[in-house]
Amino acid sequence: MKEIISIKISKYLTDEYVTQIAQKQWGSQKPEWINRSRQYVFDELINNNYCFGVVAVNSDDGIIGRMHCVKNESDPKLWYYGDLFVEKEYRFNGIATRMIKTAVEYLSEIGASELICYVEPQN
């Protein structure tokens, strides 16, 4: 795939990005799915925990991938990532790897030392 792909880190996602994520990750633009991404951030901030998102976008600024990163509550050097997806037509092009590397670089800059994948039990 020769298309230009950008990887961005953001504490908050725009309404447009959240809507695209809901459609591409969960197949719905119903409010409960659109608000799911917002809720992750809100829940973390309410608990005084830092989090951020990593998004991969194509040249049209369309979301093609996403992951969520959150700091461990008791160990500020330990972080988790999850909710990782890459749109089907973009898979096997190293996009997930680029998103993880971007997160690791950012975390290194802010003093984190470990990033672990978390997976929901039902997955």
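This briefing covers salt bridges, the largest pocket, nonpolar cores and a few single residues. The model is a predicted one. Three salt bridges are counted. The largest pocket holds about 290 Å³ of space. The largest nonpolar core has 17 residues, and a second, separate core has 11. Asp-83 appears under several topics: it pairs with Arg-66 in a salt bridge, is one of the residues closest to the centre of the largest pocket, and has a positive phi.

**Salt bridges**

- Asp-61 pairs with Lys-8, and their closest N and O atoms are 3.1 Å apart. Asp-61 sits in the loop between β2 (51–57) and β3 (63–71), while Lys-8 belongs to strand β1 (residues 6–10), so this bridge ties together parts that are 53 residues apart in sequence.
- Both partners of that bridge are partly exposed. Asp-61 has 30% relative accessibility, and Lys-8 has 33%.
- Lys-24 pairs with Glu-87, with 3.3 Å between the closest N and O atoms. This bridge links distant parts of the chain, 63 residues apart. Lys-24 is in helix α1 (residues 15–26), and Glu-87 is in the loop between β4 (78–86) and α3 (95–109).
- Lys-24 counts as partly exposed, at 33% relative accessibility.
- Asp-83 pairs with Arg-66, and here the closest N and O atoms are 2.6 Å apart. Asp-83 is in strand β4 and Arg-66 in strand β3, so the bridge ties together parts that are 17 residues apart in sequence.
- Arg-66 is buried, because its relative accessible area is 2% and the cut-off for buried is under 20%.

**Largest pocket**

- The space in this pocket comes to about 290 Å³. Its lining is made up of 12 residues.
- Closest to the pocket centre are Gly-82, Asp-83, Leu-84, Glu-120 and Asn-123.
- Three elements give two or more residues to the lining: α1, α2 (31–46) and β4.
- Strand β4 gives the most, with three residues. Asp-83 has its place in this strand.
- By class, six lining residues are nonpolar, three are polar and three are charged.

**Nonpolar cores**

- In the largest core, which has 17 residues, Val-54 and Cys-69 touch the most other members.
- β2, β3, β4 and α3 each give two or more residues to this core. Helix α3 gives the most, with four residues.
- Leaving out residues up to four places away in sequence, Val-54 touches Ile-7, Lys-8, Ile-9, Gly-65, Arg-66, Met-67, Cys-69, Met-99 and Ala-103.
- Two residues in that contact list also form salt bridges: Lys-8 with Asp-61, and Arg-66 with Asp-83.
- The second core is separate from the largest one and has 11 residues, including Val-18, Ala-22, Val-55 and Val-57.

**Backbone angles**

- Most residues other than glycine have a negative phi.
- Asp-61 has a positive phi of about 65 degrees, although it is not a glycine. Asp-61 lies in the loop between β2 and β3 and is partly exposed. Asp-61 is also the salt-bridge partner of Lys-8.
- Asp-83 likewise is not a glycine, yet has a positive phi, of about 55 degrees. Asp-83 lies in strand β4.

**Arg-98**

- Arg-98 is in helix α3. Arg-98 is partly exposed, with a relative accessible area of 37%.
- Apart from neighbours within four places in sequence, Arg-98 is in contact with Ile-5 and Ile-7. Ile-7 is also among the residues that Val-54 touches.
- Arg-98 and Gln-29 lie 27 Å apart, C-alpha to C-alpha. In sequence, 69 residues separate the two.

**Lys-30**

- Lys-30 is in the loop between α1 and α2.
- Lys-30 counts as exposed, because its relative accessible area is 51% and the cut-off for exposed is over 50%.
- The C-alpha atoms of Lys-30 and Thr-19 are 8.9 Å apart, and the two residues are 11 apart along the chain.

Note on methods
Residues are numbered from 1 along each chain as its sequence is written. This is a predicted model: local features need pLDDT of at least 70, side-chain atom pairs count only at pLDDT 80 or more; totals for chains, interfaces and linings use all residues. Side-chain values use heavy atoms; hydrogens and water are left out. A salt bridge is a side-chain nitrogen of Lys or Arg within 4 Å of a carboxyl oxygen of Asp or Glu. Buried means under 20% relative accessible area, exposed over 50%, partly exposed in between (1.4 Å probe, protein chains only). On a 1 Å grid over the protein atoms alone, a cavity is a set of points where a 1.4 Å probe fits but cannot get out, and a pocket is an open set with protein on both sides within 12 Å along at least five of seven lines; lining residues have an atom within 4 Å of a point. Grid points are joined across faces, edges and corners, and a volume is the space filled by probe spheres set on the points. Ala, Val, Leu, Ile, Met, Phe, Trp, Tyr, Cys and Pro count as nonpolar, Asp, Glu, Lys and Arg as charged, and the others, Gly among them, as polar. A nonpolar core is a set of buried Ala, Val, Leu, Ile, Met, Phe, Trp, Tyr and Cys residues joined through side-chain atoms within 4.5 Å. Contact means heavy atoms within 4.5 Å.
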